[in-house]
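Thank you all for coming this morning. I would like to take you through one protein, beginning with the whole chain and then moving to a few places in it, so please have the sequence and the structure open as I talk.

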Amino acid sequence: MKKFLFIIITLITLSSGLFAQVKPVPPPLAIREVSGVVKDEKGETVIGALVTLKSVVDTLRGATNEDGIFVFKGVKKAAFNVTVTSIGSETFVKKYLNSDIAKKIVLDPITLKTQSNQLNEVKIDGTPSVVYKTDTVEYRASDYKVRANATLDELVKKMEGMEVGSDGSLVHQGESVVKAKLNGKEFAGGSISQALKNLPADIVEKIQIVDDYGDMAARTGIKTGTPQKILNITTKPDRSVGITGRTSDQAGNNDRYNSQVSVQRIDANQVISLIGNLNNTVTGVGGGSPGTTQSGSPSFSYRDQWSKKIQVNTSYSYWFNNNNSTNYQYGFNNTSLGVSDFSQHGSNENTGSGHNVHFQMDFQMDSLNFLQINPSYGTSKSSNSSNYTRDQIDNFKDTTGASLFQHRLSTGTNGGSSLNNSYGVNSLFVHLFRKPKRNISVNLGVSHSTSEANGNNDKLYHYFADSTQSTLIKDSTINLLTVRRNTNTSFSGTISYTEPLALYSLLEFRSELSRSNNNANSTQDSVSANGTVTEIPAFSNIFNYSVTQSRYTANYRYDGLKVNLSIGATAIAYNLTGTKVDNNTFLNATTSRSNFKLVPAFRFQYAWSRTQRLQITYNGANVEPDFSQVQPFTDRTNPNNIIVGNPNLDPGFNHSINGSYNNYIANSRFNLSFSGYANFQQNVITTNTLNIRTILTPAVDATPTSPAVPAKYKNINEVHFINLDGSHQFGGGYGISKQLDDRRYNLSLNGSVNYSYSPAMSNNILYHNTAWRFDDRFGPRITPNDNIEFNPYVGYNLTRTFTTSPNAKPTLYQTTRLAVDGKMYFLKTYQVNYSASKNFVSGIQNSTNPFVVNVGFQKEFLEKRNLVFTFDVYDLLHQNNFIRQDVTPDGGITNTISSSLSRFFMVGLRLNLQKWGGRPQHNGKNMQRRGDGSFIYN
């Protein structure tokens, strides 16, 4: 019995101790956050899907965002039903039972099954090829077919609104794309051409064209200024771990060669890229600057996710080029005193080289704090030399009608060299508060640059009595050396704050301050016939000036499901102060200019759906004078065209209004894009050109043996910088495309119209220039089967100018261009490619209508057809003699003939290699992605 009582007492004691150690169960939370992601059967996120969450006490509705994510806050019950609907997909319904003590509930990815509905025999696809998001146009790459081993440029060419140049440039809906990213981060230093020519097309999941306002705007949502167009390439999930390489080597006659190599290793957010090219080819084929160019550009870039919190992105590039060209120009310059006719021929050589280093580190300190540090360094040097002969006749008359005739023949050489160095660092800090959408950010930057430019001008002038070269009045020589040294140190700081008002609305506050300190030292020396160098103190200059600018913006912003609106005001203050050493007294002479502007801040966007949107923006900004305009220095490098700086210039101010409308009708594969702009400038910086009559030979008094000889004069130009009001521009563009028969036929029509009004002065007489430009292009892309690509092109351009300056005549310059390019494949591994263009030019004296034809042949080898033999012939008919016309604001015309040695052939080999290792994983699970393609490390 005693033993039994002892056991009972012992068990009770132990059980009491155990129960004492068990913590009480916490009570259920009153509210919680529920989030999830919606995808289709291909694993792509679904945008704009309608999501409904229901429980006993909850009824919440929302839509997935640009990344396919939905978030519900303030959910009262942990047990609920979720319903998801999207066009073209079956309705998803599921009941969830969750822990009622979890603050955040993340649901497993929801997959929508495709549902095909028949309506008048039209198949409805819930995932369109083109999607218009906020500030982003997104193309689904799988809908655009290219052959195996194709590069990215071949894929992008097939997409609506895209135009890829032969030099690797990219234009989207009439606007230049300036930077390239891969999965949300800069690729190869941001080079568009490197991305288009070196990345394989078959690794691409999506192509995005982004209106980029900078990293600060991306994290805070506060957008100011004019965005840059960015190309972002997102890789396929199964092409995000592996290595790809491409090499191409060609050589031909006339010392022509072209060699390229690229290697990329991709592992989720880690990208290591090595790209190099070396070539000696012809520029100016099809118009533009003539000549041959030898160039090279090796580059290395590295991007990695060092940890969950730290990402780095760095790049280094070196470049060099050497361009040699000959040219012939003719035309006339117009002044208020008359017309000056000229012709000129000569040769030019330009060389340059440089290094650029960039490093960026993103530090996600915790869920609320982010820090980015971004140092950079660049250096470059260049040199140029030219020789020329110019024949110019001035048919001038003064206000009384007296002749100011002059005939001048000049020959000589120009040359110069420059060295530039720059370095700086920029940092960004963003803090998110616990309250959603409340954040504060600080952006600080400092940069320093130095430049030194040395120039020489050695000329011989012959002055004749009439339009012939038979009666010489005088020979004149000039040999000047110019040295300029400039130093700039700039500081900038921006702070922004957002305060939420309601679910969709908030207030934005932004303050910006920048200061630029400039120091300049310019000297000119004269070189005599015997080589003696003499400084000219009157032409020397020491000038320091600083520009301080501040902007203060307050906005109300509404971010609804369809409407995005930002409206407020911006105050802009500007101040320029400077000192110049007076060459007579050696004392400092000071100058100061200030102004203040209050302008509206406005952005509006309305999205009917993810394929249709309208947006309108306004931006106001100062246009600062550049260094050559504001320095109090008279540049007499060309004694017949003297440039006089003006330290009292006010900054110009530009009011800019931009709008666009885009609509992609998915089921019809029909795309409409329209854009428009209007710019109005105050205090625009322009010129007042004075035609000055100076003595060429002095008068000689009569003697008993000879009669008196009157003085002879010559005409020179003196250019002064001034501020004028009234300049404005407006215009618009359109793009219409229709794709038929599963995109085998792509019809594309696009064009633009632009108008400009620009005031200026000549001999203190105000005049203005108006210009109209119409540009229309029809370029269908036809692929009737897998073996034929045929791309005809018809373009028409008209430029019309009117100038109110006396003696000026209106101009009308028209060009009609017919072109075709394409490829033909036969016997599975053979290919013939071709391109031909014919220009019909009117409105230019001695205009040419060249017909340029290029042809090529390719043969594929190996099992994957990734080794290719190439043979190409350029300018087969040797007709690359285009004429380009440039019209100056005063009504003058310059016609330039480019006649390059552009007929040559090249033979070579190209090799493509790829190896992939599946989808990126972390901790044994497939990694989720953001909307820009970057992978999320959990």
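I will start with the overall picture, go on to the nonpolar cores, and finish with three single residues.

Please keep in mind from the start that what you are looking at is a predicted model. The protein has 938 residues, of which 44% count as buried, and its secondary structure comes to five helices and 56 strands. If you draw a box along the principal axes, the C-alpha atoms fill roughly 165 × 75 × 50 Å. When we take the contacts between residues at least 6 apart in sequence, 65% of them join residues that are at least 24 apart. The surface that the protein exposes is about 46000 Å², with carbon and sulfur atoms supplying 57% of it. As for charge, there are 90 positive and 71 negative charges, and their mean positions are 9 Å apart.

Now to the interior. In soluble globular proteins, nonpolar side chains tend to be buried together. Which residues touch the most other members of the largest nonpolar core? In this core of 34 residues, they are Tyr139, Leu152, Leu170, Ile207, Leu231 and Ile233. Several elements give two or more residues to the core, among them helix 2 (152-156), helix 3 (192-198), strand 18 (204-212) and strand 19 (228-235). There is also a second, separate core, made of 18 residues, and Phe80, Val82, Val84 and Leu112 are included in it. To return to the largest core for a moment, if you select isoleucine 233 and leave aside residues up to four places away in sequence, you will find that its contacts include Leu152, Ala195, Leu199, Val204 and Ile207.

Let me turn to single residues, beginning with asparagine 640, which lies in the loop between strand 37 (634-635) and strand 38 (641-644). Is asparagine 640 buried or exposed? Asparagine 640 is buried, because its relative accessible area is 6%, and the limit for buried is under 20%. Beyond its neighbours in sequence, asparagine 640 touches Arg408, Tyr461, Tyr463, and also Lys714, Asn715, Ile716 and Asn717. With one of these, tyrosine 461, there is a polar contact from side chain to side chain at 3.2 Å. By contrast, alanine 702 is 62 residues away along the chain, and its C-alpha atom is separated from that of asparagine 640 by 31 Å.

The next residue is arginine 777, whose place is in strand 45 (residues 765-778). Arginine 777 has a relative accessible area of 15%, so this residue too counts as buried. Its side chain makes a polar contact with the side chain of glutamate 163 at 3.4 Å, and a polar contact with the side chain of aspartate 775 at 3.0 Å. Apart from residues up to four places away in sequence, arginine 777 touches residues including Glu163, Ser748, Asn750 and Tyr793.

My last residue is valine 832, found in strand 49 (residues 830-842). Valine 832 is partly exposed, because its relative accessible area is 26%, which falls between the limits of 20% and 50%. The residues that valine 832 touches, again without those up to four places away, are Gly822, Lys823, Met824, Phe826, Gly856 and Phe857. Finally, the C-alpha atoms of valine 832 and serine 367, which are 465 residues apart along the chain, are separated by 56 Å.

Key. Residues numbered from 1 in each chain as written. Predicted model: local features only at pLDDT ≥ 70, side-chain atom pairs only at ≥ 80, totals over all residues. Heavy atoms only, no water. Helix = DSSP H or I, 4+ residues; strand = E, 2+ residues; numbered from the N terminus. Buried < 20%, exposed > 50% of the residue type's maximum accessible area, 1.4 Å probe, protein only. Contact = heavy atoms within 4.5 Å. Polar contact = N/O pair within 3.5 Å; in protein donor to acceptor, adjacent residues only side chain to side chain. Core = buried A, V, L, I, M, F, W, Y, C linked by side-chain atoms within 4.5 Å. Areas by Shrake-Rupley, 256 points an atom, 1.4 Å probe, with all protein chains shown as cover. Lys, Arg positive; Asp, Glu negative; His and termini not counted. Charge placed at Lys NZ, Arg CZ, Asp CG, Glu CD.
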